[in-house]
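Biologist: I would like to learn how to read a model of this kind with care, feature by feature. Could we take the structure as it is shown and work through it together?

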Amino acid sequence: MVGAPLAVGVFGGTFDPIHAGHLRLARALRDELGLSEVRLIPAGDPYHRDRAPEASAEQRLAMARLAIEGETGLVVDDREVRRGRPSYTVETLASLRAELGPGTPIHCLIGGDSLATLDSWRRWREIFALAHVAVALRPGFDPAGLPEAVAAEWRARQVTDFPNRTPSGTIRALTLPPMNISATELRARLGRGEAVDGLIDPAVLAYIEAERLYCGAATARPT
């Protein structure tokens with residue numbers, strides 16, 4: 001496709017709120033894989049959560065946009081918010097593939113915990129036909145603990161680098177481990193009125209205060 005980015009990263013999540021750990025992973029995805037663009041895609045209606053997010057979809061979208069302002073190669077994609085129903089990774093990747101064309105490399109970032117449950121995702125095997133998978137692994141990760149179906153894909157598809165010569169089909173671990181920080185803990189700290197300096201972008205924190213978000217979040221909910 002004429003004008004398409006050279007290679008695109010996809011980083012989806014609830015982002016309730018977006019924090020320094022999210023941004024660190026987005027930058028690692030961009031830099032380690034040599035991507036021209038990383039799209040942060042807030043989930044509009046996260047089907048995998050027992051409860052609705054504390055912040056609305058529009059508020060989480062606004063916070064994501066504030067957090068990446070001025071960041072080279074990081075953009076916010078609102079397609080899941082606009083979809084107005086539960087969104088599945090395979091559908092999001094299919095819509096991106098249709099826009100970017102068959103030859104653009106797409107790299108989908110997931111965490112090690114998501115890898116361990118990948119076989120429960122909707123049409124999960126189709127993901128490899130649409131994108132490469134980049135996995136942010138925590139120290140001590142043991143592939144022996146993966147479900148057999150996922151472990152088989154891990155063995156067959158794992159590579160040590162992403163040369164951006166193929167559009168999809170491989171798995172690679174990111175070498176930068178995630179920060180030991182969660183949105184669940186941040187919501188609880190905000191609910192208790194505790195400082196979160198350095199963990200949430202100042203512009204995002206100002207938005208949280210202006211919107212009076214997470215004021216009752218001292219009882220943590222799942223991220």
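Biologist: Which elements do the buried residues of H7 pack against?

Modeller: A predicted model is what we have here, and in it the buried residues of H7 pack against helix H5 (112-115), helix H6 (127-130), S5 and strand S6 (171-174). The residues concerned, within helix H7 (residues 148-157), are Val150, Ala151, Glu153 and Trp154. They cover an arc of only 160° around the axis, and therefore they lie on the same side of H7. On the other side of H7, Glu148, Arg155 and Ala156 are exposed.

Biologist: Where would I look for a second helix to read in this way, and which residues of H9 are buried?

Modeller: In helix H9 (residues 202-211), the buried residues are Val204, Leu205, Tyr207 and Ile208. Because they cover an arc of only 160° around the axis, they are on the same side of H9. Pro202, Glu209 and Ala210 are exposed on the other side of H9, while the cover over the buried residues includes helix H2 (57-67) and helix H8 (183-191).

Biologist: What caps the N-terminal end of H9, and what does the backbone do just after H9?

Modeller: The cap is Asp201, which places a side-chain oxygen 2.8 Å from the backbone nitrogen of Ala203. Just after H9, Arg212 takes a positive phi of about 55°.

Biologist: Why should a positive phi catch my eye?

Modeller: It stands out because most residues other than glycine have a negative phi. In the segment after H9 there is also Tyr214, which is not a glycine and has a positive phi of about 65°. With a relative accessible area of 3%, Tyr214 is buried. Arg123, in the loop between H5 and H6, has a phi near 45°, again a positive value in a residue other than glycine. At 41% relative accessibility, Arg123 counts as partly exposed.

Biologist: What about the peptide bonds themselves, and which residues does a cis peptide bond join?

Modeller: As a general idea, most peptide bonds are trans. Here a cis peptide bond joins Asp16 and Pro17, with omega about 0°, and Pro17 lies in the loop between strand S1 (8-13) and H1.

Biologist: Turning to the interior, how many residues does the largest nonpolar core have, and which have the most contacts inside it?

Modeller: The largest nonpolar core has 38 residues, and Ile18, Leu40 and Met63 are those with the most contacts inside it. At least two residues of this core come from each of helix H1 (20-33), strand S2 (37-42), H2, strand S3 (74-76), S5, H8 and H9. There is also a second, separate core of 27 residues, and Cys108, Trp124, Ile127 and Trp154 are among its members.

Biologist: What is Leu40 in contact with, leaving aside its neighbours within four places in sequence?

Modeller: With those neighbours set aside, Leu40 is in contact with Phe11, Phe15, Ile18, Ala26, Ile68, Leu74, Val75, Val76 and Asp77.

Biologist: Is His132 buried or exposed, and what does its side chain reach?

Modeller: His132, in strand S5 (residues 132-136), has 2% relative accessibility and so counts as buried. Its side chain reaches the backbone nitrogen of Ser168 at 3.3 Å.

Biologist: A bench biochemist also asks about cysteines, so how many disulfides does the structure hold?

Modeller: The structure holds zero disulfides. As for the surroundings of individual cysteines, Cys108 counts as buried at 5% relative accessibility, whereas Cys215 is partly exposed, with a relative accessible area of 44%.

Biologist: How many helices and strands does the protein have, and what percentage of its residues is buried?

Modeller: The protein has nine helices and six strands, and buried residues make up 49% of its 223 residues. Taking the contacts between residues at least 6 apart in sequence, 75% join residues at least 24 apart. As for the surface, the protein exposes about 10,400 Å², of which carbon and sulfur atoms supply 50%.

Terms used. Residues are numbered from 1 along each chain as its sequence is written. This is a predicted model: local features need pLDDT of at least 70, side-chain atom pairs count only at pLDDT 80 or more; totals for chains, interfaces and linings use all residues. Side-chain values use heavy atoms; hydrogens and water are left out. Buried means under 20% relative accessible area, exposed over 50%, partly exposed in between (1.4 Å probe, protein chains only). Helices (H or I, at least four residues) and strands (E, at least two) are DSSP runs, numbered from the N terminus. The arc is that of the directions from the helix axis to the C-beta atoms. Contact means heavy atoms within 4.5 Å. A polar contact is a pair of N or O atoms within 3.5 Å; within protein, one must be able to donate a hydrogen and the other to accept it, and residues adjacent in sequence count only if both atoms are side-chain atoms. Accessible areas come from the Shrake-Rupley method with a 1.4 Å probe; for residues, only the protein chains shown count as cover. A disulfide is a pair of cysteine sulfur atoms within 2.5 Å. A nonpolar core is a set of buried Ala, Val, Leu, Ile, Met, Phe, Trp, Tyr and Cys residues joined through side-chain atoms within 4.5 Å.
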